[in-house]
Amino acid sequence: MHKGLRWVAAAGIVLALAGCSANDSGGESAAMPMSADTKQAAPKEGVPNKEATDSKAGSGKAPAPAGQPGIADRKLVRTANLELTAPNVADVISQVRVITQGAAGYTGQESTQEKRASVNVIVPSERLDGVLDQLGKLGKQVRREVTATDVTEQMVDVESRLATQRASVERIRALLARATSVSEIASVESELTSREAELESLQKRRESLAGSVAMSTISLQVKAETVAASEESRSGFLGGLAGGWDAFLTFGGGLLTAIGAMAPFLLVFGVPVAALVWWLRKRRRPAEPAMATASDLPSAPPLD
């Protein structure tokens with residue numbers, strides 16, 4: 001009897017311990033904070049999911065490919081050609097200088113004549129369109145062209161090569177500091193000079209590209225209205241006829257110029273040579289009858 005009671009008591013203790021363990025594990029699960037995966041799977045109400053928001057925001061516009069600059073980061077070299085006609089070419093060129101200085105730019109190569117002129121205008125790239133609009137108002141706009149060359153890849157390549165070359169130069173300098181013999185020092189210094197020269201070349205290349213991106217060039221041509229009208233009138237048959245006559249006059253002028261250039265040589269050398277030829281011909285004329293043979297003489301008439 002006592003033995004059976006002991007087994008019953010033992011079984012009750014085991015069941016009680018099992019129940020306590022279940023309650024403790026349940027409390028721990030309730031008190032345990034949610035893991036990162038659980039939070040991602042079931043976000044709280046009222047708090048938008050970041051991935052869902054990003055996907056919605058990016059659904060309207062595809063992101064730029066990895067490793068490539070966006071549109072706003074592209075490096076463009078912009079140039080322009082502008083052709084104008086105006087009554088007074090000199091006044092237009094003066095106003096061009098004023099507009100260029102007002103845009104923090106400067107003028108480059110310039111050729112100015114009475115009825116036509118050409119000048120290179122260099123201005124900051126961000127002011128190119130505004131300057132073109134101002135220059136176009138100085139006369140009648142005949143032609144306007146704007147071109148853009150993308151040099152982004154060149155800039156990225158030069159920057160990458162610069163970083164590699166700088167690291168290479170630093171390594172050679174470290175080797176030079178550890179060199180002990182004269183031959184080692186001479187060899188390392190020669191290599192260091194070569195790599196520093198390449199580094200300087202890359203730096204100049206980067207500066208050139210950066211300058212081309214920062215500043216834009218406008219090639220401006222200005223013609224007088226009379227010249228433009230004359231060029232327009234030289235179209236069709238009459239224009240071809242006038243062009244042919246001008247070509248003939250040009251050829252004739254060139255021919256006369258060549259003859260004039262040869263005249264002194266003809267006078268110095270031609271006259272003596274002509275006199276010598278005339279004297280030789282005159283001297284040979286009397287000798288020719290004397291050299292005639294008997295067969296050449298007229299025969300006597302026959303006797304009757």
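Reader: Which residues do R206 and E159 tie together, and how should such a salt bridge be read?

Author: Side chains of opposite charge can pair when their charged atoms come close. The term salt bridge is applied to a side-chain nitrogen of Lys or Arg within 4 Å of a carboxyl oxygen of Asp or Glu. In this predicted model, the side chains of R206 and E159 form such a pair, at 3.7 Å from N to O. R206 belongs to helix α7 (residues 182-214) and E159 to helix α6 (residues 152-178), so the pair ties together parts that are 47 residues apart in sequence. Helices (H or I, at least four residues) and strands (E, at least two) are DSSP runs, numbered from the N terminus.

Reader: On what basis are the values computed, and how are residues numbered?

Author: Residues are numbered from 1 along each chain as its sequence is written, and side-chain values use heavy atoms, with hydrogens and water left out. As this is a predicted model, local features need pLDDT of at least 70 and side-chain atom pairs count only at pLDDT 80 or more, while totals for chains, interfaces and linings use all residues.

Reader: Are R206 and E159 buried or exposed?

Author: Buried means under 20% relative accessible area, exposed over 50%, and partly exposed in between (1.4 Å probe, protein chains only). R206 is partly exposed at 25%, and E159 is partly exposed at 35%.

Reader: How many salt bridges are there in the whole structure?

Author: The search finds 13 salt bridges. Among them is the one between D129 and R78, at 3.1 Å from N to O. D129 lies in helix α5 (residues 128-136) and R78 in strand β1 (residues 76-86), so this pair ties together parts that are 51 residues apart in sequence. D129 is partly exposed, with a relative accessible area of 39%.

Reader: Where do R195 and E191 lie?

Author: Both lie in helix α7, 4 residues apart, which is about one turn of the helix. Their side chains meet in a salt bridge of 2.7 Å, N to O. R195 is partly exposed at 24% relative accessibility, as is E191 at 34%. Elsewhere, salt bridges that share partners join E83, R143, E145 and K223 into one network.

Reader: Which residues of α5 are buried, and where do they fall around its axis?

Author: The buried residues of α5 are L128, V131, L132, L135 and G136. Viewed down the helix axis, they fall within an arc of 135° (taken from the directions from the axis to the C-beta atoms), so they line one face of the helix. Their cover includes β1, α4 (89-102), β3 (116-124), β4 (140-150) and β5 (215-224).

Reader: In what sense does β3 pair with β2 and with β5?

Author: In a regular strand the side chains alternate between the two faces of the sheet. Two strands pair if DSSP finds at least two bridges between them. Strand β2 (residues 106-112) and β3 pair in the antiparallel sense over 5 bridges, with Y106 opposite I122 in β3. A hairpin through 3 residues joins β2 to β3. The pairing of β3 and β5 is also antiparallel, over 9 bridges, and V123 stands opposite S216 in β5.

Reader: What do the protein's overall counts and contacts show?

Author: The protein has 9 helices and 5 strands. Of its 304 residues, 18% count as buried. With contact meaning heavy atoms within 4.5 Å, residues 24 or more positions apart account for 76% of the contacts with a separation of 6 or more.
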